[in-house]
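Hi everyone, thanks for making time this morning. I'd like to walk you through one model, a few residues at a time, so please keep the viewer open.

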Amino acid sequence: MKKTLLIIAALLAAFTLFNVKANAQTVTGNVPLSIVLSDAFSITLGPNPGVVFTYASAADYVASQTVTKASHFSVISNKPYSINVKATAEFNTFAANTTPVSLGIVQISVDPSTAATGATYSNANLTTTSQIIAAAAAPTIGTAYNIDYTIANGAGLINKAAGTYATNIVYTITQP
């Protein structure tokens, strides 16, 4: 009988333990989560953005010259974007310079070695008015653009005073 009572007590204790687990409660809490998006885009110039064409010999005036700037600038944009280029002013003038160099002698384009962006690329002759060189590029978190600066023909540099002709170039990205 004692044995039976011990077995019944053990079974009751086990049943009580399982019953406590079966009656356990769960408490939950809700936490609000939000993601706030804003239109974001930037353009960052590479480490050596300056472009220099040197015409030191007669042969330089005859041949086409191209200066390729690898990783010239990088773009970050959360939406499709376009890139425009323009000069801030005409080439500088100085006392010995009676006929200034035309901005249009310089052509700017996206080099084919630039990673695919889905954009439509255009060549732009430099002016003080914005010219599109990349239209409808896909959103990106850091596309590096390789840019070609070309003077196809040195004839526009003939009969100009020796010296350095300079201007500043501005790249602008826009989102639709």
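Let's begin with Thr 114, which touches Tyr 121, Ala 144, Tyr 145 and Asn 146, leaving aside residues up to four places away in sequence. You'll find Thr 114 in the loop between β4 and β5, the latter being residues 120–121. Is Thr 114 buried or exposed? Its relative accessibility is 8%, so Thr 114 counts as buried, the cut-off being under 20%. The side chain of Thr 114 also reaches the backbone oxygen of Asp 111, at 3.0 Å.

One thing to say before going further: this is a predicted model, so please hear everything I say with that in mind.

Now let me zoom out. The protein chain has 2 helices and 9 strands. Reading from the N terminus, the order is α-β-α and then β for the rest of the run: α-β-α-β-β-β-β-β-β-β-β. There are 176 residues in the protein chain, and 28% of them count as buried. The accessible surface is about 11,600 Å², with 61% of that belonging to carbon and sulfur atoms. And if you take contacts between residues at least 6 apart in sequence, 77% of them join residues at least 24 apart.

On to β3, residues 81–87. Here 6 of the 7 residues are buried, so β3 is largely enclosed by the rest of the structure. Which strands does β3 pair with? One is β7, residues 131–137, which runs antiparallel to β3 and is joined to it by 4 bridges. Another is β9, residues 169–174, again in the antiparallel sense, over 6 bridges. Asn 84 is a nice residue to click on: it stands opposite Ile 132 in β7, and its bridge partner in β9 is Thr 172. While you're looking at that, remember that in a regular strand the side chains alternate between the two faces of the sheet.

Follow the chain past β3 and you come to Glu 90, in the loop between β3 and β4, where β4 is residues 107–110. Glu 90 has 49% relative accessibility, so it counts as partly exposed. Setting aside residues up to four places away in sequence, Glu 90 touches Leu 103, Thr 128, Ala 166 and Thr 167. How far apart are Glu 90 and Ser 102 in space? They are 7.3 Å apart, C-alpha to C-alpha, with their positions 12 residues apart in sequence.

Next, charges. The count comes to 1 salt bridge, and here it is: the side chains of Lys 79 and Asp 39 meet at 2.9 Å, N to O. This pair links distant parts of the chain, 40 residues apart, with Lys 79 in the loop between β2 (65–77) and β3, and Asp 39 in the loop between α1 (2–22) and β1 (41–45). Both ends are partly exposed: Lys 79 has a relative accessible area of 33%, and Asp 39 has 48%.

Last stop, the surface. Tyr 61, Val 62 and Ile 158 make a nonpolar surface patch of about 300 Å². Val 62 is found in helix α2, residues 58–62. Why does Val 62 count as exposed? Because its relative accessible area is 69%, and exposed means over 50%.

That's my tour. Happy to go back to any of these spots with you.

Technical notes: Residues are numbered from 1 along each chain as its sequence is written. This is a predicted model: local features need pLDDT of at least 70, side-chain atom pairs count only at pLDDT 80 or more; totals for chains, interfaces and linings use all residues. Side-chain values use heavy atoms; hydrogens and water are left out. Buried means under 20% relative accessible area, exposed over 50%, partly exposed in between (1.4 Å probe, protein chains only). Contact means heavy atoms within 4.5 Å. Accessible areas come from the Shrake-Rupley method with a 1.4 Å probe; for residues, only the protein chains shown count as cover. Patches are made of residues with over 30% relative accessible area and no salt bridge: like charges are joined within 9 Å, nonpolar side chains (Val, Leu, Ile, Met, Phe, Trp, Tyr) within 5 Å. A salt bridge is a side-chain nitrogen of Lys or Arg within 4 Å of a carboxyl oxygen of Asp or Glu. Two strands pair if DSSP finds at least two bridges between them. A polar contact is a pair of N or O atoms within 3.5 Å; within protein, one must be able to donate a hydrogen and the other to accept it, and residues adjacent in sequence count only if both atoms are side-chain atoms.
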